[in-house]
Amino acid sequence: MEETIVNATNLKKYFPIKEGLFSSTKENIKAVDNINIEIRKGETFGLVGESGCGKTTLGRVLIHLIPPTAGTLVFMGSDLTAINKSELRKLRPHMQIVFQDPSSSLNPRMTVKNIIGEPLKINKRFAGEELNAKILELLNTVGLDEQHMYRYPHEFSGGQKQRIGVARALALNPDFIVLDEPTSSLDVSVQAQILNLFKDLQEKFQLTYLFITHDLSVIKYISDRVAVMYAGKIVEYAPTKDLFWEQLHPYTKALLSAIPVPDPRIKRKHIHLKGEVPSLISPPSGCRFHPRCPQAMPKCSEAEPELKEFHKDHFVACYLY
Amino acid sequence: MRWLIHEYDSEVDKIRPHVKLVDDFFKKHESKIKDLRFMAYLFRKSLLSMIGLILILILILVALFAPFIASQHPAYVRVSTDQGTTVIEERWDINFSQTLLPPSAQHLFGTDDYGRDIFSMVIYGSQTSFRICIIVVAISTFIGIILGGIAGYFGGIIDETLMRITDVFLAIPYLILAMAVAAALGRSIDHIMEAMIIVWWPTYARLMRGQVIAIREQQFVEAARSVGASNSRILFRHIFPNSFAPLLVEITLDLGAVLLVAAGLSFLGLGASPGTAEWGLMISSGRVHMFHAWWYVTFPGLAIVLVVLGFNLLGDGLRDVTDPKLRR
């Protein structure tokens with residue numbers, strides 16, 4: 001068994017909707033609801049799901065950018081939910097994030113040098129000439145050079161901005177990086193470059209990634225294991241190869257049938273799902289997918305199915321299995 | 001423009017090391033300079049904002065060099081009210097045989113009912129006006145930025161408390177407050193400035209709060225938090241620098257507004273004490289002579305119009321320049 005880097009048990013993140021004079025909590029948005037996840041050192045863990053299913057929230061909770069409502073979150077042996085602020089700050093350098101929108105993730109009033117240098121300065125790793133050298137080294141690592149150092153973010157293209165974002169995340173030699181849809185705002189050719197950059201960096205620095213995306217072809221290319229998320233829950237997770245070979249959960253089947261194939265002669269059966277993504281405020285009872293599920297049984301609306309290991313390493317939360 | 005030439009003789013560096021320093025400076029700040037140039041270019045393109053800028057520059061120069069511009073030493077003209085004894089001495093300079101003279105070569109804007117030179121008074125009045133504008137706006141901006149910034153950034157109960165306090169201050173009518181202050185503490189420019197600060201800062205606090213709330217949700221703030229930045233660092237390095245643009249526009253426009261309100265208060269007899277070179281006060285004392293001495297009210301009135309217009313045009317120009325949608 002490989003070493004675990006992140007281990008979350010019964011992780012919950014509820015966003016309260018407050019109303020009234022005394023800000024009493026009326027309802028909760030259950031963005032992450034009872035999730036168990038375990039990410040191994042050195043792997044790329046893919047997380048897929050539709051928009052609004054809570055995958056971004058999960059990514060942020062896993063590096064404690066937003067504190068979880070309940071559950072335990074163990075990162076490199078220490079429980080992030082139990083430690084105090086200064087200890088948490090010491091752990092921050094080990095976990096970093098690359099954001100979806102490269103233009104809003106870079107401060108428009110800071111030069112590239114200051115953006116990349118900020119983490120180094122805060123953690124007092126380098127100063128003066130050494131700092132400059134380190135920044136240059138980071139820029140070179142992500143394929144930029146010295147002439148870019150004193151420019152502002154608006155002077156760069158989307159792909160270049162994303163590279164700057166990656167350089168900032170790498171500055172502190174992290175062990176674990178959450179990649180929150182890092183390629184979805186880039187065009188296809190640049191996407192490929194950035195994905196390859198991620199792969200190279202992983203090899204070079206022994207990084208662990210959590211790759212959040214809704215793009216299944218990207219997941220297939222980059223990740224070792226995949227979790228499929230639906231309405232704040234993980235419905236299935238398995239090694240990438242197994243998942244693309246055999247889908248167990250009806251939602252995963254529908255999701256994967258939607259991948260476009262670049263060959264018009266191949267006729268495939270699309271599974272068209274009826275209805276909308278359920279509201280995270282009052283999710284359906286039992287299995288959250290049952291109102292849209294083509295194979296729903298009476299039992300599905302009564303109790304929630306647990307994640308079970310169907311094959312080796314292949315987990316699914318469905319009563320069909 | 002040497003920094004544009006990439007390869008140059010390194011011998012030059014040895015002989016004149018300061019040349020390299022200057023080059024390095026330009027290389028480092030190339031982007032900033034380009035940015036400023038672009039802003040200046042946008043600004044120059046608009047005629048109205050250039051007029052505004054020129055009007056304000058003239059005001060600044062006039063206020064700075066008032067003693068050199070004024071045609072005669074302003075007898076009885078007091079810049080500040082705290083001059084006490086000197087005022088009595090200067091009263092002897094007043095020439096009562098020269099009251100209400102029309103504009104002439106000797107008195108460009110004519111004289112007032114005490115025989116004082118209106119040109120000199122208008123010139124010296126710019127100092128008073130400028131002092132009021134700058135101090136009121138600077139202090140209210142400072143209070144507004146700090147309170148609004150804290151309210152917006154921390155949110156929750158802190159936000160709620162600060163904003164309700166702001167609401168209380170917003171509910172105070174400035175005229176009544178200025179009257180109350182003048183009645184309680186005596187008639188003085190300093191007192192109306194205090195009264196104006198009290199009613200002015202809530203606008204800035206609200207504006208700043210809105211800005212901070214918008215910027216707080218940006219991903220670069222989250223990114224800063226993820227590398228372990230402290231709250232104060234996030235506030236001062238990331239949020240504040242990005243929320244100043246709309247504030248700057250508001251400040252410029254408010255400089256004119258403050259001037260108008262201050263002149264109005266002086267006109268009503270709440271502000272400057274009689275004898276001070278203050279435009280509003282001059283109009284107030286000139287209004288009884290309006291029909292036989294038009295110059296008495298006209299020139300200070302024109303001064304107010306030009307300066308307020310200048311600030312408004314400048315503010316509009318700045319808004320256009322700082323609007324990111326217009327830029328790229």
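**Exercise 1. Two residues with positive phi**

A:Asn34 lies in strand 2 of chain A; find its phi and its burial class.

Solution. This is a predicted model, in which local features need pLDDT of at least 70 and side-chain atom pairs count only at pLDDT 80 or more, while totals for chains, interfaces and linings use all residues. Residues are numbered from 1 along each chain as its sequence is written, and chains are lettered from A and ligands numbered from 1 in the order in which they are written.

- Step 1: The phi of A:Asn34 is near 55°, a positive value in a residue other than glycine.
- Step 2: A residue is buried if 20 or more other C-beta atoms (placed from the backbone) lie within 10 Å of its own, exposed if 12 or fewer do, and partly exposed in between. A:Asn34 has 16 C-beta neighbours inside 10 Å, so it counts as partly exposed.
- Step 3: A:His64 also has a positive phi, near 60°. A:His64 sits in the loop between helix 1 (55-62) and strand 4 (70-75) of chain A. Helices (H or I, at least four residues) and strands (E, at least two) are DSSP runs numbered from the N terminus. A:His64 is partly exposed because 18 other C-beta atoms lie within 10 Å.

**Exercise 2. The sheets of chain A**

Give the strand order of the four-stranded and the eight-stranded sheet, and name the edge strands.

Solution.

- Step 1: The four-stranded sheet is open, has the order 2-1-4-5 and is paired antiparallel. Two strands pair if DSSP finds at least two bridges between them.
- Step 2: Its edges are strand 2 (24-40) and strand 5 (78-79) of chain A; each has a single partner strand, so one side of each is left without a neighbour in the sheet.
- Step 3: Strand 1 (residues 4-19) of chain A runs antiparallel to strand 2 of chain A and is joined to it by 12 bridges. In strand 2 of chain A, A:Ile29 stands opposite A:Phe15.
- Step 4: The eight-stranded sheet is open as well, with the order 6-7-8-3-9-10-12-11 and mixed pairing.
- Step 5: Strand 6 (95-98) and strand 11 (308-311) of chain A stand at its edges, each with a single partner strand, so one side of each lacks a neighbour in the sheet. On average, neighbouring strands of this sheet are turned by 20° against each other, direction ignored.
- Step 6: Strand 11 of chain A pairs with strand 12 (residues 314-316) of chain A in the antiparallel sense over three bridges. One residue pair is A:Lys308 with its bridge partner A:Val316 in strand 12 of chain A.
- Step 7: Helix 1 of chain A lies across strand 3 (44-48), strand 7 (176-180), strand 8 (208-213) and strand 9 (225-230) of chain A, at about 155° to strand 8 of chain A. Axes are lines fitted to C-alpha atoms, for helices over the stretch in contact, and angles run from 0 to 180 degrees between N-to-C directions.

**Exercise 3. Chain B and B:Leu59**

Describe the make-up of chain B and place B:Leu59 in it.

Solution.

- Step 1: Chain B has 15 helices and zero strands. Of its 328 residues, 37% are buried.
- Step 2: B:Leu59 belongs to helix 4 (residues 47-64) of chain B. B:Leu59 is buried because 21 other C-beta atoms lie within 10 Å.
- Step 3: Leaving aside neighbours within four places in sequence, B:Leu59 is in contact (C-beta atoms, placed from the backbone, within 7 Å) with B:Ser126, B:Phe130, B:Val307 and B:Gly310. B:Leu59 and B:Gly310 are 251 residues apart in sequence but 9.2 Å apart in space, C-alpha to C-alpha.
- Step 4: pLDDT, the predictor's confidence in each residue from 0 to 100, averages 82 in chain B, and 85% of the residues score at least 70. Confidence in chain B is lowest in helix 6 (residues 85-90), at a mean of 41, and highest in helix 8 (residues 156-170), at 92.

**Exercise 4. Where the chains meet**

How many residues does each chain bring to the contact, and which helix of chain B gives the most?

Solution.

- Step 1: Chain B brings 19 residues and chain A 27 residues.
- Step 2: Helix 11 of chain B gives the most to the side of chain B that touches chain A, with seven residues.
- Step 3: The predictor gives the complex an ipTM of 0.82 and a pTM of 0.79.

Notes
Two residues are in contact if their C-beta atoms, placed from the backbone, lie within 7 Å.
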